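User: Hi! Could you take a close look at one part of this model with me, the way its helices pack and what sits in its core?

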Amino acid sequence: MLIDIPFDKRHHCWFCGEPSQVKFVFPHEHHIVLDCPHPPLMVPCCKECWQIARQVTEASIWSVNYVVKRKLMRKYHKDLAIGLNWTQEELANSQFEGGNFEGFQRSGWFMYEVAQNRVNYIGWPISLDGIEIEISAVLTCFTFDGVTYPSVDDAINHYVVNFALNEDFFKYVLYQLGEHRFSEAVRFCRLQIGSTPSERMLALKNFFPEFDL
Ligand SMILES: [Zn+2]
């Protein structure tokens, strides 16, 4: 059964907010779920999310949503990275001339905003014939610097890849500092790129003498 769709969302993909073109049925004939916590249902979505969602083998529509978001993030990590490396003004004022860079300057920020909005999009609450279905999945999203990541691991992965950070070291620093000091952990680890393990540990002691290393 098609979920209820608020009037202002009637053209939205339930997963990412882009224009909807198709309907995604869950559970479906290629993925039967015995302990699905909600009745079979159908959500409007874009073709791209439909293709991703069809391959997901999860137990509820909310966990399908979680996986779709993770896959969108991985697919568009280069677009999302534009916002890590530039501000809108810097990009507009950059002196790129000729070739591919001109195109990047023109459309880069737009690509970033589209990707960011899709990853951040939160689908409306699911109801069937006016009866709301309670969310049964554990939601673990993590928001940092304007982007909502499906989990803190996705945020870690995004920063490790884009800034070429040492993953184990970054996780270690973050573990010591706590998730609420994510930006400090990023800044500190960016300074340590190219350091040896012992140099990194020495820097850690100097920067954060309160750590129990
Ligand atoms: Zn979509």
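To set the scene, what percentage of the 213 residues in the protein chain is buried? After that, please walk me through the packing of helix α3 and helix α6.

Analyst: Happy to! Bear in mind that this is a predicted model. Buried residues make up 25% of the 213 in the protein chain. The chain has nine helices and six strands, and its C-alpha atoms fill a box of roughly 60 × 50 × 30 Å along the principal axes. Among contacts with a separation of 6 or more, 59% join residues 24 or more positions apart.

Now to the pair you asked about. Helix α3 spans residues 77-85 and helix α6 spans residues 152-163; their axes lie 11 Å apart and meet at an angle of about 80°. Because angles of 65 to 115 degrees count as roughly perpendicular, α3 is roughly perpendicular to α6. On the α3 side, the contact is made by H77, L80, A81 and L84, while α6 brings H158, V161 and N162. By character, these residues divide into four nonpolar, three polar and no charged.

As for the core, the largest nonpolar one has 39 residues, and those touching the most other members are F15, C45, C49, A53, F170 and C189. Helix α2, residues 61-75, gives the most to this core, with five residues. C49 is a good place to zoom in: leaving aside residues up to four places away in sequence, C49 touches C13, F15, C16 and V68. As general background, nonpolar side chains tend to be buried together in soluble globular proteins.

How values were computed: Residues numbered from 1 in each chain as written. Predicted model: local features only at pLDDT ≥ 70, side-chain atom pairs only at ≥ 80, totals over all residues. Helix = DSSP H or I, 4+ residues; strand = E, 2+ residues; numbered from the N terminus. Buried ≥ 20, exposed ≤ 12 C-beta atoms within 10 Å, placed from the backbone. Contact = placed C-beta atoms within 7 Å. Axes fitted to C-alpha atoms, helices over the stretch in contact; angles between N-to-C directions. Parallel < 35°, antiparallel > 145°, perpendicular 65-115°, else oblique. Nonpolar A, V, L, I, M, F, W, Y, C, P; charged D, E, K, R; others polar. Core = buried A, V, L, I, M, F, W, Y, C linked by C-beta atoms within 7 Å.
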